[in-house]
Every structure is written in C-alpha cells, then in structure tokens.
Amino acid sequence: MAVRSQPLAPPRPRVARVGATRRRPVLLAVATGMLLVGALVLGVAMGTVTIDPRDTLGILGHRLLGLDLPVTWTEQAEVIVMDLRLPRVLTTMLVGMALAVAGVTFQGLLRNPLADPYVLGTASGAALGAAIAVLIPVRSAILGFGLLNGLAFLGALAAVLVVYRLARLSGLAPLTGLLLTGYAVGSLLAAGLAMAMYVSGAGLRQIFGYLLGGFSNASWEHLLGAFPLVVVASVLILLRARTLNGLLLGEEAAAHLGIDVRRERRILLGLASLVTAAAVAISGLIGFVGLVVPHVVRLLVGPSARLVLPLSALGGAVLLAYADLAARLLGDIPVGVVTALLGAPFFIIVLRRSRAGYEL
Amino acid sequence: MPVPVCARVALIALLAVVLAACTGGTAGTTGPEPTASPSAASASVAPSVEPSPTAEFPVTLTDDEGTAVDIPATPQKIVSLTPAATEILFAIGAGDRVVAKVEDVANHPPQADALPVVATFEGVDTEQIVGLAADLVIAGGNFGTPPDAVAKLRSLGIPVLVVYATTVAAALADIELIGSSVGASDAAKDLTASMRAGFDQVATATGELPAPRVFYETGTLDLAVYGIADDSVYEELLTMAGAAPVTTGSATNWEMSTEILVTADPEIILLGDGAYGVTAEAVAARPGWDVLTAVKEGAIVPVDDIVVTRPGPRLVEGLHVLARAIHPDVVLPSLAPVVP
Amino acid sequence: MTMVLRMTGVDAAYRQVPVLRGIDLSVDAGERLALIGPNGAGKSTLLRVAAGLLTPQRGEVELVGRSLAGLDRMAVARRLAVVPQEPSLPFAATVEEIVGLGRLPHEDPFRGARPADRAAIAAAIERVGVGHLLGRDARELSLGERQLVLIALAVAQAAPILVLDEPTVHLDLRHQVSTMELLVDLNERDGTTIVAVLHDLSLAVHFFPRIVLLDGGVVAGDGPPGTVLSPDRIREVFGVDPGFVRVAV
C-alpha cells in the first residue's frame with residue numbers, strides 16, 4: 001500500500017542521562033532516618049541550661065521506657081527535658097513532615113514546581129486569623145489550644161475554601177483559576193492582616209512572632225492535638241499517590257488514564273489544606289520547607305509520588321528539626337530565618353534548573 | 001507565576017518590624033542627668049525587711065489580668081520579667097530572693113547588675129527560668145511579656161503574676177500586689193505610703209504656681225512626632241507636676257499633628273526621647289515649629305523618660321524631674337533613697 | 001466482528017454550544033480509521049465523547065460492549081487509550097517513567113507497578129522502538145521522539161482501542177510518515193483498533209482504509225477514501241480546489 005520510508009536512525013544522545021543517582025529510595029530513607037534520630041538526640045541534649053548527657057539519657061529512659069534508674073538529676077532537669085525540649089523537637093518533626101507532604105501534594109495537584117503549601121491562601125488566612133485572635137481581648141484555652149491556634153487553623157481552612165469556590169466560578173481552566181484566585185485572595189487577606197497589625201498596638205509583637213513562626217511554645221497538648229490530623233491526612237494522601245502520578249502529564253491525560261480528576265482534586269486539596277492548617281496552627285508560618293524538600297527528593301528518586309511523599313515527609317522532618325536546632329543555637333532567632341537561609345539558595349538553583357519551556 | 005504568599009507576608013511583617021522597632025526601640029546612650037538634687041544611687045542602707053511570717057502563705061492573688069494565681073509558699077526564687085518589678089522587689093527588701101531578671105536599659109537598681117538575664121525584647125528563656133527552679137515569676141501585661149511564655153510557665157506549674165498599670169494609682173496597687181506575692185506586704189505598704197506623701201509634697205509645692213502648657217514628646221518616626229494620648233499616665237503625671245498637658249486629642253492615637261500642636265501652643269516642650277538622639281536644636285528647626293512659644297523662648301528640655309514613667313518606686317523621683325523641668329525655681333524636699 | 005465503539009444518535013454540546021448532531025458511528029475490532037474534517041467540525045469533541053470526558057445530551061455510546069455511562073473512569077481507561085496531545089511536564093521524568101504511566105489503570109493502586117506491569121512497559125518501549133532513549137529526561141527529547149514515547153505510553157496501557165488526536169501536528173514529514181507506519185504496524189500486527197484524528201488529508205488517504213468525514217457536527221462521509229473524498233465533496237466541505245488533494249486509490 002504505502003511507501004515505506006527509511007527507518008529512523010537513533011539520534012545521538014544530546015543530554016546526560018537522568019538519574020544515575022536515582023533509584024536509591026531505600027538508601028535515602030535510611031539516611032534521613034538516621035539524621036532524624038540524630039536530631040532527636042541533639043534536640044533533647046542541647047539548650048540554654050546545661051544538663052549532663054547521662055542525666056538526659058537517664059530521664060528519657062526513666063520516663064519513656066519506664067526503666068527503674070537511680071535518680072541523679074534534678075526535678076528541673078526532668079521538666080526541661082520532658083516538658084520543654086522533647087515536645088519541641090517532636091513538634092518540629094511533625095510540622096516539617098506536614099509542610100513537606102503538603103508541598104508535594106500542591107506541587108503535583110497544581111502541576112507547578114513553584115507551588116508551596118501556602119499557595120492557595122492558607123498562610124494569609126492563618127495569619128489573619130491569628131491577628132484577629134490577638135486583637136480580641138479574650139483569654140481562653142481549650143485543651144491547651146489557645147484562641148490564636150484555633151483561629152489560625154480556621155483561617156487557613158476558610159481561605160482555601162473561599163479560593164476553591166471562587167476559582168470554580170471563574171471561567172478559567174481549573175489549575176490556572178486556583179493559582180490566580182489563590183494569589184488574589186491571599187493578597188486581600190494580607191491587606192486585612194496589615195490593617196490588623198496597624199491597629200494592634202502592643203499586640204504587634206505577638207502577631208509578628210506568629211508570622212515568623214517558631215517552636216518556643218511547643219507543648220505536648222499541641223503535639224498530640226495536631227499529630228492525628230497530620231498523620232491520618234498524610235496517609236490518606238499517600239493512598240492517593242496514583243492520582244498525583246496520573247496528573248504528571250496534565251489533567252486531560254490523567255482523565256484518560258482513569259483518574260476522576262474533579263473528585264480527586266477536591267479530595268487532595270482538602271487533605272493537603274488540613275495538613276497545612278494543622279501545621280500553621282501550632283507553629284506559625286514557616287516557609288521554604290514545603291517548597292524545597294519535594295524538589296530535593298524528586299531529584300534523588302524521581303517523580304513518583306509513592307516514593308516522593310514518604311521520603312519528603314522524612315526529609316521535611318529532618319530539615320525543620322535541624323533548622324530549629326540551629327535557630328536555638330544562634331540565640332533563638334526565628335526558625336523561618338534559618339529555613340529561608342537554607343531554602344532560598346536552593347530555590348534559586350531549582351529556578352535555574354527548570355527551563356522556560358518544559359513542554360513535552 | 002504567583003509570588004509565594006509567604007514571601008509577601010514576610011515583606012509586610014518586615015515593614016511591621018521597622019514600625020515596631022522605631023516606636024519601641026531602645027538606645028545605647030544614657031539619658032541626661034535629672035535636675036533633681038538628691039542622688040538616686042544612695043549607698044545608705046534602708047532597714048532590712050524580713051519576709052512576713054509564713055502564715056501569709058499559701059495565698060491566691062488576682063493579678064492585673066484577672067487571673068487567680070496560687071502561690072503555695074513564700075517565694076525564694078523570684079524571677080522578674082519587667083524592669084519596674086525588679087526595682088520594686090529590691091525596694092521592698094526581697095532583692096536577695098530574686099534569681100533572674102529581664103534586660104533593663106536603665107540598669108536599675110545597681111544591686112541587680114549581677115543577676116542573669118532571662119528575658120529580652122526578643123523573648124523569654126523559659127528553659128533557664130525552669131532551670132533556676134523559679135517559684136514565682138512577675139510578668140508584664142499588655143504583651144509586655146509574651147502571653148505564650150506566661151502560659152507556658154504556668155503550664156509547668158510556676159506561678160506567674162501579671163502586672164500592668166496605666167495610672168499612678170494602679171502602679172501603687174501593683175507595688176502592694178507584688179509585696180503580697182513575696183511576703184513583704186508591710187514593706188510594700190510602707191513604700192506606697194511614702195510615695196503618696198512624696199506626690200502630695202510635689203502637689204503642694206507646685207499648687208500655687210501657674211500651670212504652663214507643656215508638650216511631652218514621647219518619640220519620633222521619620223516626620224511623625226508622637227506626644228501623649230488623652231487619659232494616659234503621662235497626662236496624669238504632668239498634671240501632678242503642675243502643668244497643663246497638651247495631648248493628641250484621642251485616647252488611642254499618640255501621634256501629634258503639627259496643627260493641633262500649633263493651636264495648643266505649648267510653653268514648654270519636654271523631650272522624653274532626648275536619650276534617643278533628639279536634641280533641642282533639631283526640634284527647634286522643625287518646619288512650622290518656630291511659631292511655638294516654647295521654641296521662641298528656648299524652653300525645650302530633655303528628660304529621662306524611664307524614670308518619669310516606670311511604674312516603680314522611683315516615680316516620685318520622676319515627678320521631681322518633671323516638676324523641675326516645668327517649674328525651674330520650684331523648691332522640693334529631698335528624696336528619700338529607694339533601694340535598701 | 002466485535003464492535004468496540006458504537007455511537008448512536010449522539011448529540012453533544014460544549015459550553016452550551018451544540019457541536020455534534022445525530023452522530024452514528026460504529027467501529028469494529030481491528031479497524032483502522034481516520035477522522036477528518038475542517039476546523040470546528042467537532043472531531044475533538046467526538047473523541048472526548050468516545051473517551052467519556054463529555055456526556056452526550058442525546059444518544060448512546062457503547063465501549064467494547066458496555067454502555068459508556070455505566071463505566072467508571074478506570075474501566076474506560078482499560079478499554080480506550082488516548083495518546084496525550086501536547087502535554088506539559090512540570091517535573092523531570094525519564095522515558096520509562098512516562099511510558100510507565102500507561103500502566104496506571106492496571107497497576108495496584110497502593111503498591112504500584114507489579115512485574116507484569118514492568119514487563120508491559122518494557123514491551124511497549126521495545127514495540128514502539130524507543131529503547132535507545134531509556135534513561136533520558138523526557139523534557140529534552142525531540143518532537144519526533146516525544147511522539148513515539150507518548151505512543152509507547154498508550155501501547156503500555158494495553159487497551160483494545162487506541163485514539164490519537166492530531167498526532168502529527170508538529171512533526172516533519174519523515175516523522176509524520178514513520179508515525180503513521182507505526183500505527184499501521186500496531187493495527188495489523190497486534191490487532192489494535194486505531195482511531196486517528198488527522199488534519200492532513202494525504203496522510204489520511206494513504207494510511208487509512210476507512211475515513212470518517214465530519215462537517216458541521218454531522219457525519220458527512222464514512223467509507224473508503226475514494227468514496228468519501230470525491231472531488232465534489234472536497235470542494236463542498238473544505239472549500240478548496242480538489243486538485244490540492246491527491247487521492248491515490
């Protein structure tokens with residue numbers, strides 16, 4: 001029938017092969033796991049009050065493992081280790097994990113390598129909620145969660161809900177609509193925040209402290225309150241890794257591969273927003289973790305969400321734990337400054353690597 | 001591509017830092033010498049005060065935020081998180097039981113110099129407070145001490161008494177409250193009594209004199225000038241010192257507009273921000289200020305803002321500073337030394 | 001002959017604008033057909049209806065013996081594979097990872113690719129002839145190479161029907177022809193049913209024994225190229241001198 005053409009000659013490979021270092025997820029997991037343990041040990045051993053490392057171990061063994069050890073430490077040392085340092089270190093890990101998982105999800109869902117957990121207005125919503133809480137002269141706490149935590153949590157979720165609803169009303173393509181609406185709503189909320197800060201008077205410091213983020217108020221109550229939310233939502237996201245993979249080539253391609261895109265988008269958005277809201281409710285707005293960790297992990301193990309999600313969770317926990325450690329050692333500077341110092345150079349590298357035309 | 005929202009929020013936050021730093025900033029230079037004659041750093045020893053008998057404890061006090069604070073026993077390791085509280089504790093004889101303090105630019109009293117600093121403008125070192133086995137913490141209200149730190153300390157079982165005074169009467173009440181909390185009620189009452197006597201003496205000395213219009217400058221930021229708000233403690237103190245204070249006209253806004261100032265035409269300008277680099281010459285050179293009587297007559301006087309407003313035992317001294325700045329020829333009795 | 005795709009009396013609209021009217025189309029297993037027509041005729045819409053992305057306002061669609069309305073998305077994906085059109089890739093991915101996406105409807109939802117899936121991926125890469133591109137970042141391939149990789153993805157999907165929406169749009173002549181030859185090969189050797197939307201009439205005529213001509217939302221012709229693309233029809237539907245199209249039958 002038709003004329004056969006010449007068979008195609010294989011072209012010379014133009015670019016270096018991808019990922020000679022890829023395919024080592026187990027290695028990465030083990031390495032980050034070890035770093036995590038290291039962070040735990042250092043975090044509990046270090047602080048402004050010097051405690052003998054043997055005492056630290058004794059306290060941990062006695063309180064956590066129930067070992068019957070001779071008490072060589074003071075009551076104060078025990079309080080410091082168990083009620084100040086330990087919950088703080090564990091909280092940094094939980095928040096780091098939450099932000100990284102949310103980052104992976106938002107980047108995959110919105111198909112944008114520059115997305116972070118705050119891209120749909122969660123940060124602005126939480127900040128405004130926190131500012132309003134500071135302005136309200138009511139001092140209340142339920143189960144250890146103050147008004148600030150509660151309003152920050154609700155503010156984050158409310159912002160995403162508004163963005164989602166408005167984006168659907170716009171005639172734009174779903175992803176573009178979400179991103180642009182997120183930007184617009186975020187800007188509006190930021191204006192509200194600026195106003196709240198302007199009238200806050202002496203409360204400005206507390207609002208500002210929330211914006212910078214930090215773990216000096218970490219407590220067992222906050223940790224145990226946020227833990228189930230973060231862990232359950234993260235597991236549910238991991239179970240939907242297939243969806244994130246399917247979205248790699250676009251929403252239409254994903255639909256052809258069997259993904260119910262509208263439904264999955266809603267579910268994943270909701271889960272990722274919950275995780276983010278839980279994190280910002282207890283630790284304020286810490287940037288760069290959710291943006292940078294997923295990229296590092298993808299560089300090492302490829303884009304498959306089944307690997308990227310759990311490894312980013314580990315990576316985020318490690319990054320934030322060490323960042324908080326560094327922040328404490330550097331005179332208790334805000335941890336957001338440390339993550340920015342670590343993350344910003346990396347962000348620039350990522351920008352340079354993502355070429356302008358990544359069209360397939 | 002949308003700019004990460006965290007970057008924008010951080011930008012606004014950065015602007016806010018500049019705002020906050022400028023209005024609440026501290027300078028390294030010391031304030032001008034107050035014109036009061038008796039030296040405040042007297043070396044004489046006031047009668048030492050024994051803590052009241054243990055029948056006073058356990059006690060439950062209501063702090064200035066309305067929180068009930070349980071103090072189970074006479075505190076032996078007190079941490080002071082406001083500079084005024086540090087002064088008060090030493091003045092009522094509890095200084096030997098204070099184990100840590102907050103950073104104080106005025107560094108008063110000198111007996112507190114050796115104490116470790118556990119709180120600065122940046123935050124409170126809860127770990128150190130716990131490490132010192134503190135059994136009472138005196139904190140500052142109205143966000144003076146971060147509320148989160150207060151909550152954290154309370155959650156660890158350490159009683160925290162939050163004090164905040166916006167009037168002279170409230171400041172005296174705080175002195176007595178602190179006295180009750182450390183088992184030095186009698187000493188505290190003696191102190192407040194002598195302070196009231198001191199206030200009365202100033203009132204008597206200035207009562208007959210005409211009250212000049214006085215503008216008290218609390219700070220500047222770029223071209224904005226900050227005075228005193230209506231119903232503030234500054235207004236109260238200036239009135240007690242025999243002045244007719246010029247206020248901003250609002251109870252919440254501390255910024256003084258040039259128009260209001262010119263209309264009020266103060267006869268004396270007191271520079272509460274004199275320690276932060278504001279000089280009389282700079283003030284006189286401000287556009288539109290040359291019509292003010294105070295500028296024409298060169299009645300621009302820097303005063304030590306800290307001693308004037310710190311709600312502690314040196315308030316009488318502060319009142320003397322004001323009175324002398326307003327009525328240079330007034331005759332005031334000498335001040336009793338404050339710190340034992 | 002088993003019917004793999006049947007549309008009966010399908011009316012479809014896109015954003016309230018009617019696009020398709022009364023479409024009747026039957027495709028048997030193993031057929032190879034080209035869908036042609038001027039811009040705006042509704043070709044892409046027809047594909048979307050067939051793929052279950054657009055619900056028709058009237059009429060029935062059957063996919064491999066089952067009513068399309070009753071199938072969930074995964075079931076549709078196992079029956080019909082669509083070669084993605086101009087996808088964008090936000091993250092680096094190797095050729096194997098891209099082709100591996102084709103196994104999504106088959107792999108274990110939680111554990112991912114199983115040995116059978118991995119074998120299918122390798123087979124698809126081999127079949128389409130992109131083995132020399134293994135390990136390469138998909139974002140750095142040439143247009144011709146990308147097209148082959150995307151076809152490999154659809155082959156890995158192992159669906160009985162393979163649908164392509166203007167697969168040769170950015171390719172040079174040589175790659176256009178070789179892509180067509182690949183489709184012929186897949187159809188004749190593996191028995192895959194091929195439905196390709198083409199704008200290039202010459203390619204359609206050369207490589208496809210059956211042409212469906214769509215014009216203004218209705219089927220204006222369905223049959224061998226010579227019958228469907230008579231000179232009058234060409235003039236009437238495309239508005240050009242039939243001399244522009246060489247119909248070699």
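# Helices, sheets and contacts in a predicted three-chain model

User: Let's start with chain C. Which strands does helix 1 of chain C lie across?

Analyst: Helix 1 (residues 43–50) of chain C lies across strand 3, strand 6, strand 7 (161–165), strand 8 and strand 9 (210–215) of chain C. Its angle to strand 7 of chain C is about 150°. Keep in mind that this is a predicted model.

User: What about helix 5 of chain C: which strands does that one lie across?

Analyst: Strand 6 and strand 7 of chain C, and helix 5 of chain C runs at about 170° to strand 6 of chain C. Angles over 145 degrees count as roughly antiparallel, so helix 5 and strand 6 of chain C are roughly antiparallel.

User: Why are helix 5 of chain C and helix 6 of chain C called roughly parallel to each other?

Analyst: Look at the angle. Helix 5 (residues 143–156) and helix 6 of chain C pack at about 15°, with axes 10 Å apart. The cut-off for roughly parallel is under 35 degrees, and therefore this pair gets that name. Helix 5 of chain C passes helix 6 of chain C in a right-handed crossing.

User: Which residues make the contact between helix 5 of chain C and helix 6 of chain C?

Analyst: From helix 5 of chain C come Gly144(C), Gln147(C), Ile151(C) and Val155(C), and from helix 6 of chain C come His175(C), Thr179(C), Leu182(C) and Leu186(C). Sorted by class, that contact has 4 nonpolar, 4 polar and no charged residues.

User: Back to those strands. What makes strand 6 and strand 10 of chain C edge strands?

Analyst: They belong to an open sheet of 6 strands in the order 6-7-8-3-9-10, with mixed pairing. Strand 6 (80–83) and strand 10 (218–223) of chain C each pair on one side only. On average, neighbouring strands in this sheet are turned by 20° against each other, direction ignored.

User: How do you know that strand 3 of chain C and strand 8 of chain C pair?

Analyst: Count the bridges. Strand 3 (residues 32–36) and strand 8 (residues 193–197) of chain C share 4 bridges, in the parallel sense. Pairing needs at least two bridges, so these strands qualify. One spot to look at is Arg32(C), which stands opposite Ile194(C) in strand 8 of chain C.

User: And in which sense do strand 1 of chain C and strand 2 of chain C pair?

Analyst: In the antiparallel sense: strand 1 (residues 3–14) and strand 2 (residues 17–28) of chain C have 8 bridges. Met3(C) has Asp28(C) as its bridge partner in strand 2 of chain C. The hairpin of these strands has 2 residues between them, and Arg15(C) takes a positive phi near 55° there.

User: Now chain B. Why is one side of strand 11 and of strand 14 of chain B left without a neighbour in the sheet?

Analyst: The sheet in question is open, has 4 strands in the order 11-8-13-14 (chain B), and pairs in parallel. Strand 11 (244–245) and strand 14 (300–302) of chain B stand at the edges with a single partner strand each, so one side of each has no neighbour in the sheet. Strand 14 of chain B pairs with strand 13 (residues 268–271) of chain B over 3 bridges, in the parallel sense. Within that pairing, Ile269(B) has Ile300(B) as its bridge partner.

User: Where is Pro109(B), and what kind of peptide bond joins it to His108(B)?

Analyst: Pro109(B) sits in the loop between strand 4 (98–102) and strand 5 (117–119) of chain B. The bond from His108(B) to Pro109(B) is cis, with omega about -5°.

User: What makes phi of Phe288(A) worth a look?

Analyst: Phi there is near 75°, a positive value in a residue other than glycine. Phe288(A) lies in the loop between helix 11 (261–283) and helix 12 (289–301) of chain A.

User: Last one: how many residues of chain A are in contact with chain B, and how many residues of chain C are in contact with chain A?

Analyst: For chain A it's 41 residues, in contact with 30 residues of chain B. Helix 6 of chain A gives the largest share of that side, 8 residues. For chain C it's 38 residues, in contact with 37 residues of chain A. By class, that side of chain C has 21 nonpolar, 8 polar and 9 charged residues.

Conventions: Residues are numbered from 1 along each chain as its sequence is written. Chains are lettered from A and ligands numbered from 1 in the order in which they are written. This is a predicted model: local features need pLDDT of at least 70, side-chain atom pairs count only at pLDDT 80 or more; totals for chains, interfaces and linings use all residues. Two residues are in contact if their C-beta atoms, placed from the backbone, lie within 7 Å. Ala, Val, Leu, Ile, Met, Phe, Trp, Tyr, Cys and Pro count as nonpolar, Asp, Glu, Lys and Arg as charged, and the others, Gly among them, as polar. Axes are lines fitted to C-alpha atoms, for helices over the stretch in contact, and angles run from 0 to 180 degrees between N-to-C directions. Angles under 35 degrees count as roughly parallel, over 145 as roughly antiparallel, 65 to 115 as roughly perpendicular and the rest as oblique. A crossing is left-handed if the near helix is turned anticlockwise from the far one by less than a right angle, and right-handed if clockwise.
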